[in-house]
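Dear colleague,

I am passing on to you the structure that we discussed, together with a short account of what was found in it. Please look through the sequence and the structure first, and then read the notes that follow.

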Amino acid sequence: MEYTLGNYGHDANKGDRHKSFSPSTASSLVKHCKRLEAMNQWHLHQSTTGHTVQIPTSTFIERHATLPQLTDKESHELIASVTRRLWGKHLYDNGWRRTKIVDNKTEDAIFANLAPIADAIWMACCTWDKNKHKLGEATCRMECNPRQRTQSGVVGMTGAHFILTNSTTLEPRPPSHRTDTADIAGGGECKKDISERAQNENQLVGGVARILHNDPARRFVIAFTIEGVEMRFWYFSRSHIAVSEAFDYHTNPEDFIRFIIFMTFADVIDLGYDPTLIRIRDEDDKIQYVFNVGGKSYCTIRSLDDSSARDVVTRATRVWAARECDPITKQFLSEHEVALKDFWPYTGAQGEKAIQDEIDSALRVLDKKIQAGVPLEEIGLNIHPDDSMTIEEYARQFFLEILADEVVHFTRGDVVHDDTAPAPDPYDEEFSYAAFPKKASALQVIVPGTTRSRHVRGKTPPKDAVPDRIHAHQGRTHRRIVFKDCCMTLYDVANNYIAYIDAMLDLLEGLNCLRLAGFVHRDISPGNCLVLNTPGGIQVKISDLEYARRYDVDSSQLAPLTGTPGFMAVEYQKRRHSFLPDDNGPKTPPPQFQALSFRKLKAQALPDTPSLPEEIDPLGSTWFRFNFLHDVESVLWLYCWLLFNTIPKSIEGSVSTEDLNRLVDYKELLFRPSLVPTNERFSFVAQQAEYRTARGGLDPIYTQVPYGASLIKGLKVFEDLVGFYATVEASEPIATTASFMWGRKEFSPDFYLQLQVRFTKVLQALRASKEDMTTVALQPPSGVKRPEEPPALVEGDCRSAKRPRTEASIKPDQPKASRSKDPLAWVKARKPARKGKKKLQLK
């Protein structure tokens, strides 16, 4: 596997800044193998743990595997009839004879017999339905092709697949042709022994995640696992994962038969397909999709982003460039490209169009106050941003124009249904995966009217108590939005320092407009900051307003964190105000740029990492409210990401390996994919500029270019930010209905202006330099977008894994052993490992 050098958002095969490299030393391969294994385990853990519930088998069938066309009586009659017809042919007193575990047979040979059993069940159902006409034609048939890849190269479940009888592809496929991923309605994983349960679960979750990611028309997936004689049913949706309790499918064949009947005769809607989506092929024989949003049809042209759809329980945001088309002929009606967004926000969340309308309405009120003669200072302005237009018109340029925003719905019979993924019952038992066993603990409940929890051991929880995991399992609703303009993301302009910093100035101005409207964004990241090319230059558009809310509206302390971890404000990650005045210190605001002197933070000598400050003010832990400065801090993390994720292209061949490793390692500390802040993130915000440059290793790299000192000097914005925090948090808070807050007037427009001045000076220095401003990306940012799934590693073989490192870190005088054709040359050339952690070095 070769790693592509370049920024996200661009085609890896276009542009001369996209280059590939291969590792050259054994230590790099071994280190990367460990990183790949850790990434896979983290990915599985994040996708499953805390999102899965276990329910009785009967409850699972009732919720997820019941045919709506059959009554309970007819269903029992059908099961009894099928059981009688299978008896003595496939089913005996000791169970299903063909799938009995035999030591001299492989699991593939044993469980391949599931397909003929499923066919026999189908034929028995057809006999029962001959005169009743209740079941209709079969929707799926089971195929057992272990480890067979699909037409798109995606490996689904490796044990068995339920294949649609009416393919969603546009032409009949030959019998020998690979199955299209879109035709896999469900499947399963099978193992001979129960000791292999962890591997079975791992394979099932991975296979389902790939199917959900590969096919936008999938709402949920139903599957099964078998370990020995124990069988379980699985339901994967965007809101949660449900698994049935294990049962012996030999001694309890009725539930097995009921499941096979459902997967064979269920409607495609009950199997998890989206009936509103149409697949077509374009002129290049590529699959495209036709959506109907706001009464108009749009055909996709290319995918812009689908990274968040890789996990199972997620918003599964996908964005396409699309054009309006005729709903019948599918011919394009316009040359103008729009952006079409398909995603699964929480049920009850306000739509982006409604939030944008509220922002416009709030700014319209300010315009009326200005017309009435209210001083600008009273509404949060120093000067009017543009006398030629209203504040509402001025702010509108920083947001996308929405053409349509609606909930996806489909019709069954005469009833219109909203497409939702309901949350499970709050008292469903939390499931523990074999790979991630969870220690037994008491039930933790939230006491109503408080933000504290208590444990209940051996007792039934009170009726008014709600399990704390209800906050993790929230229902989701399928929505689609059409934006007028198709933009780039901030990632796409990170290949040039001037364009990136210029876009940040617009971003700060847009957030200032949000402040005037009284809204906080709560999810500022490069993917949500879009860049539109206009005749007058680039224009930043702030997108993803689903999490935006009014600052003065009380919110639950237990509401889930929103945003991208690498760009979250540290206070928000901690859920604690960290810059409050000391109880023993003065209540007046400390001098600006004096970082945390009022918090009694003990300075430590470099290179030791200072610990988090002692939390001495109980007020900081009993209440927290996201405020405008937390959005501003996210912007500063965008600038930090630029310096730590890229280097000037003009010096990519002259930077030492040690300096690059130091930069990459420190970047991983700052932008790790975790909601829990590291000590380094807090110290990076709170300490002086010398700490940031020395710890991060920026000086050895950026001092090699004339404008590097200006880029490093730009990090002083964090000192400005600390001063802003100290000024606000030293003021008197205002009591609200359920909490406290600082008044909106405490957030001065000077905060935004001061940061804009700081970045403008950096921009002026860059423009005054005649050097090349092109950058080279080191590797993907942690916690923002994960790289493509790595190939499977064979135990003891690390040659298939390649560590993502730049060409700048590879010197021409590499040892010949690293390029030898001998597959074991890297082992022979390896030196004995030294004690302690050692930086990656090249000889």
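**Overall picture**

Of the 843 residues in the chain, 53% count as buried. Please keep in mind that this is a predicted model. The secondary structure of the chain amounts to 21 helices and 36 strands. Contacts often reach across the sequence: among those between residues at least 6 apart, 74% join residues at least 24 apart. The surface that the chain exposes is about 37,800 Å², and carbon and sulfur atoms supply 51% of it.

**Nonpolar cores**

In soluble globular proteins, nonpolar side chains tend to be buried together. In this chain, the largest nonpolar core has 103 residues, and W637 and L711 have the most contacts inside it. Leaving aside neighbours within four places in sequence, W637 is in contact with a list of residues that includes G566, F567, M568, V570, L670 and F671. R681, F684, V685 and F718 are also among the contacts of W637. A second, separate core has 55 residues, including W96, Y235, F259 and Y273.

**Aromatic rings**

The count of aromatic pairs comes to 35. One of them joins F220 and Y235: the ring centres are 5.2 Å apart and the planes lie at 45°, so the pair is tilted. This pair links distant parts of the chain, since F220 is in strand β9 and Y235 is in strand β10, 15 residues apart. F220 and Y235 are both buried. Another aromatic pair, Y394 and F398, is edge-to-face, with 5.6 Å from centre to centre and 75° between the planes. Y394 and F398 are buried as well. W637 appears again here, as it forms one aromatic cluster with F567, F644, Y666, F671, F684 and F718.

**Two helices**

Does the length of helix α3 agree or disagree with the span expected from its 15 residues? At 1.5 Å a residue, α3 (residues 72–86) should span 21 Å, and its end C-alpha atoms are 21 Å apart, which agrees. The buried residues of α3 are E74, S75, L78, I79, S81, V82, T83 and L86. They pack against β4 (91–92), β5 (95–96), α5 (114–128) and α7 (253–265). After α3 comes G88, which has a positive phi, near 85°.

In helix α2 (residues 57–64), the residues T57, T59, F60, I61 and H64 are buried. The elements that cover them include β3 (52–55), β9 (220–227) and β10 (230–237). Also among the cover of α2 are β11 (241–244), β12 (247–248) and α7. Helix α7 therefore deserves a second look when you view the model, as it serves in the cover of α2 and also packs against α3.

**Cysteines**

A disulfide is a covalent bond between the sulfur atoms of two cysteines. How many disulfides does the model contain? The count comes to zero. C126, for example, is in no disulfide, and the nearest cysteine sulfur, that of C125, is 6.9 Å away. A pair would need its sulfur atoms within 2.5 Å to be counted. C126 is partly exposed, with a relative accessible area of 35%, whereas C513 is buried, with a relative accessible area of 3%.

With kind regards

Note on methods
Residues numbered from 1 in each chain as written. Predicted model: local features only at pLDDT ≥ 70, side-chain atom pairs only at ≥ 80, totals over all residues. Heavy atoms only, no water. Helix = DSSP H or I, 4+ residues; strand = E, 2+ residues; numbered from the N terminus. Buried < 20%, exposed > 50% of the residue type's maximum accessible area, 1.4 Å probe, protein only. Contact = heavy atoms within 4.5 Å. Areas by Shrake-Rupley, 256 points an atom, 1.4 Å probe, with all protein chains shown as cover. Core = buried A, V, L, I, M, F, W, Y, C linked by side-chain atoms within 4.5 Å. Expected span 1.5 Å × (residues − 1). Phe/Tyr/Trp six-rings, centres within 6.5 Å; stacked < 30°, edge-to-face > 60°.
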